[in-house]
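Trainee: Hey, got a minute to go through a structure with me? I'd like to start with a term I keep tripping over.
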Amino acid sequence: MSTLQRLTARLSEILDQDSVITDPVRLRTYDCDGLTYHRATPGVVVLAESAEQIAAVVRLCDEYGVPFVARGSGTGLSGGALPRTDGVLIVTSRMRRILEIDIPNRRAVVEPGVTNLAITEAVRDQGHYYAPDPSSQQICSIGGNVAENSGGAHCLKYGFTVNHVVGVELVTPQGEIVELSDRDPGYDLLGAFIGSEGTLGIATKITVRLSRTPEAVTTVLAAFTGIEGGGRAVSAIIGAGIVPAAIEMMDALAIEAAEAAVHCGYPEGAGAVLVVELDGPHAEVDHQFAAVERICRETGAFEIRVAASAEERAAIWKGRKSAFAAVGRISPAYIVQDGVVPRTALPEVLAGIDRLQEEFGIRVANVFHAGDGNLHPLVLFDDAVPGQGERAETVSGRILDLCIEHGGSITGEHGVGVDKSRYMPRMFSEEDLDTMQLVRCAFDPKGLSNPGKVFPTPRLCGEVPGVRRGVHPLVESGAAEQF
């Protein structure tokens with residue numbers, strides 16, 4: 001009997017029968033996250049219902065030396081929840097209770113399986129909402145948002161998940177239940193945990209900050225003949241000192257996909273559309289709208305629409321929010337990429353992407369958070385055509401190279417996961433990666449918590465799980481401490 005089989009037998013002793021999945025057909029349900037390009041069938045799946053159950057499972061993994069991976073709704077786009085064939089996949093989707101709503105202190109306490117949008121729906125009638133809004137907010141879970149430090153359209157003005165989480169209860173890689181808070185003295189362990197992609201433990205309870213519903217919201221759709229005009233409008237809006245709640249852009253190919261999928265009714269002939277949302281006090285929004293309308297016309301917008309109701313606002317957002325999934329209407333397979341560049345570099349990077357399309361014969365649909373330079377190129381290919389998948393992956397990597405060359409990053413909000421781990425050395429030095437691994441090894445010296453993600457190789461902890469042998473150069477030089 002293998003180690004995993006012995007562990008599975010122990011799991012069946014402490015959990016209900018329907019909470020432990022070993023059937024090969026059912027296991028295939030969990031073989032990938034939203035990035036379907038990477039797949040692996042988990043060794044065993046556990047459907048957890050409480051922090052205590054997760055802690056018990058992790059303690060067994062620690063005892064047997066078996067790796068484990070946490071998974072929420074499975075909407076991630078970097079392979080961050082890709083399971084291990086020799087490990088345990090711990091699924092938190094059953095943990096979806098909103099435990100507490102504290103409007104006077106603008107706080108809510110939720111379990112990790114609660115969907116992003118469910119928080120806003122729970123407090124909307126009380127004049128509040130939860131600001132971070134990934135495009136998958138109807139189904140993505142808060143536990144996954146914390147793991148990936150997820151963003152969204154409105155993060156230009158309001159910030160990412162890390163700016164809206166004030167406390168986390170988590171299970172450590174050793175199976176202990178601990179709490180982290182933004183009020184804790186000393187090291188910012190909460191900040192380190194958020195965005196660690198499941199490598200430092202599993203969130204089991206999250207305290208989020210609620211925001212007041214703005215007094216006024218104006219949503220504008222501006223259509224341009226080409227993406228260059230939209231880019232000029234973005235630069236001019238930000239250059240004028242206006243910080244909209246959101247500035248989103250889609251190119252012609254992304255618009256084509258959205259029209260095929262959800263019939264969003266964007267202006268005919270648009271080579272690019274810009275969605276600009278303004279919120280705040282009425283007087284401020286009115287003033288900003290007048291400036292945005294003028295700027296869009298000056299930079300070449302041939303049609304401008306303004307939502308006159310909540311329904312029209314939702315209709316404008318419908319195309320943008322559905323863009324990733326909609327691409328499936330025009331391509332049998334695609335890779336969702338995620339990179340960041342300075343706003344001023346957008347024209348050069350987009351031109352570079354055009355050159356890559358021509359060179360490799362691979363189409364790329366561009367959807368991005370234009371206000372903060374967060375690109376989401378969708379690299380389209382047909383996996384039934386020999387060699388297309390490989391060419392698409394090459395184009396995907398070259399786009400990340402473009403981002404780095406122009407002073408950007410290989411990820412803005414989707415995380416590194418397994419998909420982009422090999423690109424980390426292109427952005428970070430050996431010393432940078434060693435320092436990051438010192439943090440990881442402090443939490444997880446055995447390397448069992450979501451191994452194989454973020455980093456290209458298990459560096460400081462050794463090629464096999466275990467504490468690093470000898471003194472690390474950073475420790476020896478006095479630049480870091482190892483406990």
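Mentor: Sure, let's pin down the salt bridge: a side-chain nitrogen of Lys or Arg within 4 Å of a carboxyl oxygen of Asp or Glu. Keep in mind that this is a predicted model.

Trainee: Okay, so how many salt bridges does the rule find across the interface of domain 2 and domain 4?

Mentor: Zero salt bridges turn up across that interface.

Trainee: Where do those domains sit along the chain?

Mentor: Domain 2 covers 98–212 and domain 4 covers 332–420. Their C-alpha centres are 28 Å apart.

Trainee: And how many residues are in contact?

Mentor: Nine residues of domain 2 are in contact with nine residues of domain 4. The two domains bury about 600 Å² between them, with 46% of it on carbon and sulfur atoms.

Trainee: Which residues of domain 2 lose the most area there?

Mentor: L156, F160 and E197 do, and together they make up 55% of what the domain 2 side buries.

Trainee: Switching topic: what's the count of cavities of 30 Å³ or more?

Mentor: One. The largest cavity has a volume of about 40 Å³.

Trainee: What lines the largest cavity?

Mentor: Its lining includes I335, Q337, E393 and Y423. By class, the lining has three nonpolar, two polar and four charged residues.

Trainee: Which helix gives the most to that lining?

Mentor: Helix α14, residues 388–405, with three residues.

Definitions and conventions:
Residues numbered from 1 in each chain as written. Predicted model: local features only at pLDDT ≥ 70, side-chain atom pairs only at ≥ 80, totals over all residues. Heavy atoms only, no water. 1 Å grid on protein atoms, 1.4 Å probe; cavity = no way out; pocket = protein on both sides within 12 Å on 5 of 7 lines; lining within 4 Å. Points joined across faces, edges and corners; volume = space filled by probe spheres on them. Helix = DSSP H or I, 4+ residues; strand = E, 2+ residues; numbered from the N terminus. Nonpolar A, V, L, I, M, F, W, Y, C, P; charged D, E, K, R; others polar. Domains from an automatic or database assignment. Contact = heavy atoms within 4.5 Å. Buried area = accessible area lost by both parts, 1.4 Å probe.
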